[in-house]
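Trainee: I should like a close look at a single part of this model, namely its aromatic pairs. Please describe them in detail and then place them in the setting of the chain.

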Amino acid sequence: MPLGPFRKKNKSTKEHLVDHEEVGGGHHANAAGSLLAGGGHKSAVNGGGGLPPPPANLRPKLVFHTQLAHGSPTGRIEGFSNVKELYAKIADAFNISPPEILFCTLNTHKIDMDKLLGGQIGLEDFIFAHVRGIKKEVEVLKSEDALGLTITDNGAGFAFIKRIKEGSVVDKVKVICVGDHIERINGRNIVGTRHYEVARMLKELPRNETFTLKLVEPMKAFEMLEPRSKGAKPSSDNKIGNGKGTLRLRSKGPATVEDEPTEFEEKAVKKVDDLLESYMGIRDTELAATMVEVGRDKKNPDEFAMALDETLGDFAFPDEFVFDVWGAIGDAKQGRF
């Protein structure tokens, strides 16, 4: 199918990056990773070619409550339009530097990947910021092609582990946990690298060789110390917000207050997010939501592919993935989920 004049053609199958949930290779926040505030690469995806932040008088006048997840007084923040601005506001409230924040969860202080802050915040959601804790370095023997990782990022340059597949290579290395920020791979600093690039780097590591990961785990309060989680399975029952609307964070243009997602949007976004994990080893609800938004009014897969290239061309999605996403959007429209 035609995929735009600047598309990097890629005829590989799903195994190009991962085997289903498994990354042997690695948002926009959204996350947490998500199409919010860009990592370290200039692109239409991460805001490198976007508009400057809107003036303060154009931003939604909304106040949110926040705490540090390991324990702190409650702070109040307002006047942000993307993840980087959000982290800066939280950092200012608690007198820390923004790079100390690894990711945020909504309405829970626990490292719950189903409650990860992505591109939308319910107007009465409570924001918990997870900050840098213990550093650790681990050697891993890549005994299989797939490591069993799903990667996401926080929209501000930090990739981290969102899921560990049970029985996988990484599952056997007990010091590696869901929520760990991947700081270096074999000594290479990957701060500022997008989640899909981290996935690719891990996938391309040679089989039957040992590699080194430098990780930073989120700081934990005493009551949070418990056996590591493998990451919750995605669930359509995990809805953000309370029926009073959500704040949509954007990489280009001001944040907007919107109604809660429709049933079509919820089902389509969940399916596209599943496809992102299957093909690329990442989960990113904001990226999935952007793809659904791009495709909802398109009449055929060619038109959708062209629009996707214009909006998210840096990802160079495989043709099979684009076709499956188009099918998922069509199924959601027809109520087949």
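Mentor: Phe 160 is buried, because its relative accessible area is 1%, under the cut-off of 20%. This value, like those that follow, comes from a predicted model. Phe 103 is likewise buried, with a relative accessible area of 0%.

These two residues belong together. A search of the whole structure finds eight aromatic pairs. One of them joins Phe 103 and Phe 160 in a stacked arrangement, with 4.7 Å from centre to centre and 25° between the planes. The pair is called stacked because its angle of 25° falls under the limit of 30 degrees. It links distant parts of the chain: Phe 103 lies in strand β7, which covers residues 101-106, and Phe 160 lies in strand β11, which covers residues 159-164. The two positions are 57 residues apart.

Another pair brings together Tyr 279 and Phe 321. Here the rings are edge-to-face, at 5.2 Å centre to centre and with 70° between the planes. The term applies because the angle of 70° is over the limit of 60 degrees. This contact also links distant parts of the chain, with Tyr 279 in helix α3 (residues 263-280) and Phe 321 in helix α6 (residues 319-333), 42 residues apart. Tyr 279 is buried at a relative accessible area of 4%, and Phe 321 counts as buried at 0% relative accessibility.

Tyr 279 and Phe 321 are also members of one aromatic cluster, which they form with Tyr 196, Phe 315 and Phe 317.

As for the setting, the protein chain contains six helices and 16 strands. Of its 337 residues, 53% are buried. The chain exposes about 14,700 Å², and carbon and sulfur atoms supply 50% of that area.

Two cysteines complete the description. Cys 104 counts as buried at 1% relative accessibility, and Cys 177 counts as buried as well, at 15%. The second value still qualifies because 15% is under the cut-off of 20%. The structure holds zero disulfides.

In summary, the stacked pair of Phe 103 and Phe 160 links strand β7 with strand β11, whereas the edge-to-face pair of Tyr 279 and Phe 321 links helix α3 with helix α6.

Conventions
Residues numbered from 1 in each chain as written. Predicted model: local features only at pLDDT ≥ 70, side-chain atom pairs only at ≥ 80, totals over all residues. Heavy atoms only, no water. Helix = DSSP H or I, 4+ residues; strand = E, 2+ residues; numbered from the N terminus. Buried < 20%, exposed > 50% of the residue type's maximum accessible area, 1.4 Å probe, protein only. Areas by Shrake-Rupley, 256 points an atom, 1.4 Å probe, with all protein chains shown as cover. Disulfide = S-S within 2.5 Å. Phe/Tyr/Trp six-rings, centres within 6.5 Å; stacked < 30°, edge-to-face > 60°.
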